[in-house]
Amino acid sequence: MSKLARRLGLFDATMIVMGGIIGSGIFINPYIVARQLHSPLLILGAWALGGWIALSGGFIWAELAARRPQLGGQYAYLREAYHPSVAFIYGWTLLLVTQTGGMAAVAVTFAHYFLDVTHLDLADGWIAVIVLASLTLINCLGVRSGSTTQNLLMSLKICAIGGLVICGLAFTGQPHAITATAMETPRSWDLLKAAGAALTPIAFSYGGWQTSSFMSAELRDPGRDLTRGLLIGVAGVVILYLSVNFVYLRVLGPDALAATTTPASTAMQVAIGSRGAALTAIAIAISTLGFLSQGMLTAPRVYFAMAEDGLFFRRVAYVSSRTQVPVVAIALQGVLAIVIALSGRYEQILNYVISCDFIFFGLTAAALFVFRKRERPDEKVGYLVPGHPWTTALFIAASALIVAGTVYSHPKESLIGWLLLAFGIPVYLFWRRRAA
C-alpha cells in the first residue's frame, strides 16, 4: 500500500497535464514545420493533426486512468497489460533518456533566456544547476508544495502565451493572408515526406500530457480527476498552440517564419518593436521553468513505483513520514538532470526521445484492448473512449508513423535511443534476480 498522500484535485490535474506539454517547443519548433510545409493552411493543418493525435491519446489515457487508477500511471498500465519487464524498460528509458535528458535541455534553455532578461554575469550551466536544485527541494517539501508551484507557473505560462497572441492580433499593421498560398504546394510523395518530417517536432511539442498519469496515487479521486484533467488540459493546449501558430503566420507569413530560428521573438518584434524580444524571453523563461517544475513533480513517482516492485534500489521507495513524498526518487531525478546539464550531452539525448517515446505511446494505447478483453461483466468504468476501437487503432497507427518518420529523418539517433532501450533488458533481469 502506497504511503503517498492524496492531496490533489481536478485543477491540479489539469495544470499538471498542460504543464507537461508546454515547454519551449511552441516558441521555437514552428519554424522547423514551416521549412517543411510552405503553405499556411498546411502548416496549421499539421499542427491541428498533431493536436488531434494528442487529444486522441488523452481520450485513451483517460479510460486507462479510470480502469487502473494505480501508482505510477503509465508504468502500471504497461505492467498490468503485458509484463513487469515492459514497464521496467519504460521507466528505465524515462530515467536515462526521455525525462532526465529533456529536463537538462530545458534547464539550460531556461538559463539562456533568464540571462538574456537579467544580464547577470553567470554561466548557463550554473543557472541550470540552481533551478534544478531549487525545484528538487520544493518538491521534497511535499506534493502540495510542488503542485502549488506548478499551478502558479502554469497560470503565468497561459497568461504569457495569451499576451503573445493578443499582441500579434492587435498590433500587426499589415497581416499576411492565411489562405493566399493554400494550394501552391504540389500534391506528391515529396509533400507526404515533408508532412512526416514536420510531425516530428510537432509531436515533440505536444508530448508530455501522459506524465500526469504518474500522479494517480496522490489524486483524491484519480478515476474522475485525472480523466477530466487529461481531456480539459490537452484540449486547452491544442487551442493555445493553434492560436500561436495562427499569429506567427499572420505576423510573419510562411517564408519569414521558415527563415527565422526564433519565431516567437521575431513575431513580437514585428508586432510591438524592440520590447518584443525582451517580453518573449520572459515568456519562454516562465514556460520552461513551469515545464521543469512539472517534470520534477511527476516522473519520480515512476522510479518510486519501480522500487516498490523490487525492480530498483529499495531506498528509492523511501517516503518521508513528514512530507509524504518519495524524497529519494525526487533527489535522484534532480541529481541526474544536473549531471546531464553540466555534461553538455543533453542535445544528443533529446534526439533519442521521439523514437523511444512513441513506441511506448503505441504500446500503452494497445493496452486498452487488453484491459477491455479482460473486463469482467460486472466491472464499471466511469469513462469510455469515444469511437473505440477505431480511434484507438488510429492513434496506434499515428504513433507508428511518427516513429517511422523519425527513423527516416534521424536514423543514427533513433538507433542509439533503441540501444539504450534494449540495454534495459539485462538490467531488468539483474533486478529481478536480485529481488528473488
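Hi everyone. Before I count anything, one definition: a helix here is a DSSP run of H or I with at least four residues, a strand is a run of E with at least two, and both are numbered from the N terminus. With that in hand, please look at the structure above, which is a predicted model.

Let's start with the overall picture. How many helices and strands are there in the protein? There are 19 helices and zero strands. The radius of gyration is 21 Å, close to the 22 Å that the globule rule gives for 436 residues, so the protein is as compact as a globular protein of that length. If you like to think in box dimensions, the C-alpha trace spans about 65 × 50 × 40 Å along its principal axes.

What about inside and outside? Of the 436 residues, 58% count as buried. The protein exposes about 17,800 Å², and carbon and sulfur atoms supply 65% of that area. As for how the chain meets itself, take the contacts between residues at least 6 apart in sequence: 83% of them join residues at least 24 apart.

Now let's turn to the salt bridges. The count comes to nine, and I'd like to walk you through a few of them.

Please find helix 4, which covers residues 40–67. Here the side chains of Arg 67 and Glu 63 meet in a salt bridge, at 2.7 Å from N to O. Arg 67 and Glu 63 are four residues apart in this helix, so about one helical turn separates them. Are these two charged residues buried or exposed? Buried means under 20% relative accessible area. Arg 67 is at 7%, so Arg 67 counts as buried. Glu 63 is at 0%, so Glu 63 counts as buried too.

Arg 67 has another partner: the side chains of Glu 375 and Arg 67 also meet in a salt bridge, this time at 3.4 Å from N to O. Glu 375 lies in the loop between helix 17 and helix 18 while Arg 67 lies in helix 4, so this pair ties together parts that are 308 residues apart in sequence. Glu 375 itself is partly exposed, with a relative accessibility of 32%.

Another pair to look at is Arg 224 and Asp 221, whose side chains meet in a salt bridge at 3.9 Å from N to O. Arg 224 counts as partly exposed at 40% relative accessibility, and Asp 221 counts as partly exposed at 33%. Coming back to Arg 67, salt bridges that share partners join Glu 63, Arg 67, Arg 372 and Glu 375 into one network.

Next, let's stay with the loop between helix 17 (353–374) and helix 18, because Pro 389 is found there as well. Which peptide bond is cis here? The one from His 388 to Pro 389, with omega near 15°.

There are also some backbone angles to point out. His 119 has a phi near 60°, a positive value in a residue other than glycine. You will find His 119 in the loop between helix 7 (100–118) and helix 8 (124–140), and His 119 is exposed, with a relative accessible area of 66%. Gln 324 also has a positive phi, of about 60°, although Gln 324 is not a glycine. Gln 324 sits in the loop between helix 14 (300–308) and helix 15 (327–343). With a relative accessible area of 26%, Gln 324 is partly exposed.

Now for some leucines. Leu 199 lies in helix 10, residues 189–206. Leu 199 is buried, with a relative accessible area of 17%. Which residues does Leu 199 touch, leaving aside those up to four places away in sequence? They are Ala 46, Leu 49 and Gly 50. For a sense of distance, Leu 199 and Ala 329 are 130 residues apart in sequence and 33 Å apart in space, C-alpha to C-alpha.

Leu 49 gives us a way out to the surface. Together with Trp 52 and Leu 394, Leu 49 makes a nonpolar surface patch of about 280 Å². Leu 394 is found in helix 18, residues 390–409, and counts as partly exposed at 47% relative accessibility.

To wrap up, three places to revisit in the viewer: the salt-bridge network of Glu 63, Arg 67, Arg 372 and Glu 375, the cis bond from His 388 to Pro 389, and the nonpolar patch of Leu 49, Trp 52 and Leu 394. Thanks for listening!

Definitions and conventions: Residues numbered from 1 in each chain as written. Predicted model: local features only at pLDDT ≥ 70, side-chain atom pairs only at ≥ 80, totals over all residues. Heavy atoms only, no water. Patch = residues over 30% accessible without salt bridge, like charges linked within 9 Å, V, L, I, M, F, W, Y side chains within 5 Å. Areas by Shrake-Rupley, 256 points an atom, 1.4 Å probe, with all protein chains shown as cover. Salt bridge = Lys/Arg side-chain N within 4 Å of Asp/Glu carboxyl O. Buried < 20%, exposed > 50% of the residue type's maximum accessible area, 1.4 Å probe, protein only. Rg over C-alpha atoms; globule rule 2.2 N^0.38 Å. Contact = heavy atoms within 4.5 Å.
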